[in-house]
Amino acid sequence: MTGADVLLLALGAVAVGAGVLVVTTKHLVRAGLYLVVCLGALAGDFLVLSAELVAWVQVLIYVGAVVVLLLFAVMLTRAPIGASDDLDRPGWPAALIGGGAGLGLTALLVDAYRWSTVTSPDTGTAERLGEQIFQSWVLPFEVLSVLLLSALVGAIVLSRPDIGRQPSGAAASSEPADVEPRGRR
């Protein structure tokens, strides 16, 4: 085992541990912060695998944008910040299904590769990746940006109960609409 293998396994263990903490914590904000650790460890894995562009895209897009958007949405909607007792469903079915799927995938990979060395393909350049994204995949990126913008606007509207409602004094006012209210001159 080389140093890169050890580092890859260590970062993978950090990612799995943080992922377990994401789904087991009862604190919503802490779950978002554990997600940052998990995605950062995945970016470290990409760096070890010499995929620097993918690693920095992981950091910029997922850690820098999606998690921050998630935390802002939690804060804007006034969700409970502390521990939530309504998340006390039994966890053994999910652990059983997740463990079975993990063991099945591990057995499949060990059977497929038999611990042999796999040669890496030629590394792509940022230029070729950019050509693919902006020629073939530009429409999905635009649709995703509109979707994220509408989610942010929706979070703001949901967090502000005064948007779209008339003031309580305006409906019960006995003064005509064309007369200036008293005291505002």
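This passage describes the fold, one helix pair and one surface patch of a predicted model.

The overall picture is a helical one: the protein contains seven helices and zero strands. Followed along the sequence, these elements give the pattern α-α-α-α-α-α-α. Of the 185 residues in the protein, 11% are buried.

A good place to begin looking is the pair formed by helix α1, which covers residues 3-24, and helix α2, which covers residues 28-48. Two packed helices are described by the angle between their axes and the distance between the axes. For α1 and α2, the packing angle is about 160°, and the axes lie 8 Å apart. Angles over 145 degrees count as roughly antiparallel, so α1 and α2 are roughly antiparallel to each other. The crossing of these two helices, α1 and α2, is left-handed.

Attention then turns to the surface, where a nonpolar patch of about 600 Å² can be found. Its members are Leu53, Val57, Leu60, Ile61, Tyr62, Val66 and Leu129. Helix α3, spanning residues 52-76, supplies the largest share of this nonpolar patch, with six residues.

Leucine 60 is a handy residue to pick out in the viewer, as a member of the patch that lies in helix α3. Is leucine 60 buried or exposed? The relative accessibility of leucine 60 is 61%. Because exposed means over 50% relative accessible area, leucine 60 counts as exposed.

Methods. Residues are numbered from 1 along each chain as its sequence is written. This is a predicted model: local features need pLDDT of at least 70, side-chain atom pairs count only at pLDDT 80 or more; totals for chains, interfaces and linings use all residues. Side-chain values use heavy atoms; hydrogens and water are left out. Patches are made of residues with over 30% relative accessible area and no salt bridge: like charges are joined within 9 Å, nonpolar side chains (Val, Leu, Ile, Met, Phe, Trp, Tyr) within 5 Å. Accessible areas come from the Shrake-Rupley method with a 1.4 Å probe; for residues, only the protein chains shown count as cover. A salt bridge is a side-chain nitrogen of Lys or Arg within 4 Å of a carboxyl oxygen of Asp or Glu. Helices (H or I, at least four residues) and strands (E, at least two) are DSSP runs, numbered from the N terminus. Buried means under 20% relative accessible area, exposed over 50%, partly exposed in between (1.4 Å probe, protein chains only). Axes are lines fitted to C-alpha atoms, for helices over the stretch in contact, and angles run from 0 to 180 degrees between N-to-C directions. Angles under 35 degrees count as roughly parallel, over 145 as roughly antiparallel, 65 to 115 as roughly perpendicular and the rest as oblique. A crossing is left-handed if the near helix is turned anticlockwise from the far one by less than a right angle, and right-handed if clockwise.
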